[in-house]
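Subject: The structure I promised you

Hi,

Here is the structure we talked about, with my notes underneath. Have it open while you read, and turn it around as you go.

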Amino acid sequence: MRKLIAALAILAACTKSQPAQNVRSSILLITLDTTRADAMRPEIAPNFSAIAKRGLLFTQAYTPVPQTLAAHCSMMSGLYPAGHGVHENGRYLSGKIPRLAEQMKSAGFRTAAFISAFSLARRFGLGRGFDVWDEDFGSGRAERNAKETTDRVIQYLARPSSQPLFLWVHYYDPHYPYTPPLPFHGYLGEVSFVDQQMARLMAAFHGAIIIVGDHGEGLGDHGEAQHGNLLYQVTEHVPLLLIGPGVRAGVTHAPVSTRRIFHTIRDWAGLDATHSLRRSEREIVVAEAMKPFLDYGWQPEVMALDGRLKTISAGKIEVYDVIADPQETHNLVGTATISRETRAALQQYPIPTAAEAAAAVTSANDEEARRQLASLGYVASQSRPVVRKDAPRPIDMARLFGPLDEAASLFVSGEYRQVVPILEKILIEDPHNLDAALRLATAESELGHNAKALEAFKHAQAIAPDSPDVQTYLALFYAKGKDWPLAAPLLERVLAQSPDRLPALEALAIVRERQGRIEEAIRLRQKIYTMRTPSPADLVQLGALAMEAGQTNVAIDAFEKTHNDHELELGVLYLAAGRLQEARDALDRVPPGPQYPMALFKRAQVSVLMHEADAPARIASARQHADATTRPLIERERLFR
Ligand SMILES: [Zn+2]
């Protein structure tokens, strides 16, 4: 950690400059999911186009990675994915990466985030440093629309405060499927709907504003319907607008990476102006798309853009003039001159090893620090990634994007029966596809086809013997069945490498419980619930385990958080902890009558201890309605003599 800060300081020292005036106005960051730069035209996004006149519009802004979580991690850390370690969705941002929200909080800002989709949920690590983190999508939903999110933000903004605010609002609507409320329709209709809601938000907010897309959407360009597989303009090129202190209204055509949002907000907060978008500096804009490499075993993809010339390295080199040929139809390789800086950026950008990337986080050690330094300075990372010699280029596999996306969404929504034949077809065309093999194994396991599941897991293990994903999902498979003892060593190995890996923690908590290692099961659950919000059932389970282990305070804490009908448990626990008034109040909330003999018994005990006048009547009632459990307890109870 200290080394990392030192490295940041060295990096900063080269170009150290004065921050924007210490205005301390509030700052609003609006991130527009899945929004193409060319969608923000006046007929589609009239409000954006109108406010753009007040600010600085970037016509050449690029995301460091065309995936939601990874792109936001870059904006919140100022690092490329090679630096923060999150290359795709469903990973966890390491605790060792400094976050913008923490720095804003230390600088005296209130911090609040309103998220519109599960892909950015707190469990993935971006919540740290935010005083308010709102991801309430409603029960059973994984997203909410721009109106729902805006309503919540406006409610929050109505509370008065004299402290400046750092507010992040994320809108998700243009993400597939394209189903905006009427009268809007289609992908562009989603963009228009967000634009309309964004105008409401901006009317309620006073301060500096950044509006930015996290990535675009293929819509069929280069064979890609959605995003994440390729590095062409449709998914890489995003809208970016700044309105704030020290920013002159106008348009700039300088290519910039949206990771510099981190630096710009630090600048506005008066921390440091290094790499702020307020200042123009020549930038070789770099981006990666590692999902096809990490998940399917295809070629890793990196791009570097210098001026108007974009070079993509993905098994072969492609070069495009993005100003003259924004559709990227004329590959200029062999005719255009690639700058020295571009070559260096492409060669030195670290390709993640599969284990590194899947871990997303490793424990604090020198290896981690080295990797951070390497990525900041573009020195190749120490361990060698495995790129299969015969690995296909993602652009040549475009015919599989559709089936892979379809399989992913069927899988996520639990439609396992439908997903199996699609995955089998994918594996015939692409037998080394780890993602497909692993999903097939898990789907078969969910369907109860244990022999087929095991066979598919063996296939996945043959493709990637060291993959923590394979080990985790195989362990989950074992944990469910009679072979559950086989799960423990696999999970221990995964967690030794990446201690914050949530699915592995969840599985190990269940295994430890089955092994009777209750105290470990409790510790694991406590850790899990710092990473994701526990459900009422989770809390009841934790409370029950803590009662079993005699950890009264842990049990009280768990049952208190359920906010529903666990008054009996709470009454018993408060009494055990000597908290008599709370015990009395909780037991009085248990429905009265003979159906809860334990409540009658415990309430009588409390009554005696509190010297209540009706204690004798309560003892009599407890005796009268005693059951097999309470009868011997009542007989032995000295308080009742
Ligand atoms: Zn996104």
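How many residues of helix α3 (residues 68-77) are buried? Before I get to that, please keep in mind that this is a predicted model.

**The helix in the middle of things**

Ten of the ten residues of α3 are buried, so the helix is largely enclosed by the rest of the structure. If you want to click through them, they are T68, L69, A70, A71, H72, C73, S74, M75, M76 and S77. And what lies over them? The cover includes the strands β1, β5 (165-171) and β6, along with the helices α4 (81-84), α5 (100-106) and α9 (261-268). Right after α3 comes G78, which has a positive phi near 75 degrees.

**The zinc site**

T68 turns up again here. Which residues hold the zinc ion? The donors are D33 (OD), T68 (OG1), D214 (OD) and H215 (NE2), at 2.0 to 2.1 Å. The angles among those four donor atoms are 103 to 114 degrees, and the site is tetrahedral. For comparison, the ideal angle for four tetrahedral donors is 109.5 degrees.

Now look at the spacing of the donors along the chain: D-x34-T-x145-D-H. D33 sits in the loop between β1 (27-32) and α2 (46-52), while H215 sits in the loop between β6 (208-213) and α8 (233-236), so this pair ties together parts that are 182 residues apart in sequence. Are D33 and H215 buried or exposed? Both of them are buried.

**Some unusual backbone spots**

A bit of background first: most residues other than glycine have a negative phi, and most peptide bonds are trans. With that in mind, go to the loop between β6 and α8, where you will find L219. Its phi is positive, near 50 degrees, and L219 is not a glycine. H222 lies in that loop between β6 and α8 too, again with a positive phi near 50 degrees in a residue other than glycine. As for the surface, L219 is partly exposed at 39% relative accessibility, and H222 is partly exposed with a relative accessible area of 24%.

Then move to the loop between β5 and α7 (186-204), where P177 is found. The peptide bond joining Y176 and P177 is cis, with omega about -5 degrees. P183 has its place in the loop between β5 and α7 as well, and the bond from L182 to P183 is cis, with omega near 10 degrees.

**A four-stranded sheet**

Next, find the open sheet of four strands in the order β10-β11-β12-β13, where the pairing is antiparallel. The edges are β10 (285-289) and β13 (316-321); each has a single partner strand, so one side of each is left without a neighbour in the sheet. On average, neighbouring strands here are turned by 15 degrees against each other, direction ignored.

Let's start at β10. Five bridges join β10 to β11 (residues 301-306). V285 stands opposite L305, and V286 stands opposite A304. Is β10 enclosed or open, then? Five of its five residues are buried, so β10 is largely enclosed by the rest of the structure. You can see this on both faces: V285, A287 and A289 are buried on one side, and V286 and E288 are buried on the other. Helix α11 (residues 340-348) lies across β10, β11 and β12 (309-314), running at about 160 degrees to β11.

At the other end of the sheet, six bridges join β12 to β13. The two strands form a hairpin with one residue between them, and G315 in the turn has a positive phi of about 85 degrees. On either side of that turn, A314 has K316 as its bridge partner in β13.

**The nonpolar cores**

Last stop. The largest nonpolar core has 89 residues, and I426 and L491 have the most contacts inside it. If you select L491 and leave aside its neighbours within four places in sequence, you will see contacts with A475, A504, A507, L508 and V511. A second, separate core has 46 residues, including M75, L100, F124 and W168. You have already met M75, among the buried residues of α3.

Have fun exploring!

How values were computed:
Residues are numbered from 1 along each chain as its sequence is written. This is a predicted model: local features need pLDDT of at least 70, side-chain atom pairs count only at pLDDT 80 or more; totals for chains, interfaces and linings use all residues. Side-chain values use heavy atoms; hydrogens and water are left out. Two strands pair if DSSP finds at least two bridges between them. Axes are lines fitted to C-alpha atoms, for helices over the stretch in contact, and angles run from 0 to 180 degrees between N-to-C directions. Contact means heavy atoms within 4.5 Å. Donors are N, O and S atoms within 2.8 Å of the metal (3.2 Å for Na, K and Ca); water is not among the atoms, so sites may look incomplete. Four donors count as tetrahedral if all angles lie between 85 and 135 degrees; four count as square planar and six as octahedral if opposite donors are over 155 degrees apart and all others between 65 and 115; anything else is irregular. Buried means under 20% relative accessible area, exposed over 50%, partly exposed in between (1.4 Å probe, protein chains only). A nonpolar core is a set of buried Ala, Val, Leu, Ile, Met, Phe, Trp, Tyr and Cys residues joined through side-chain atoms within 4.5 Å.
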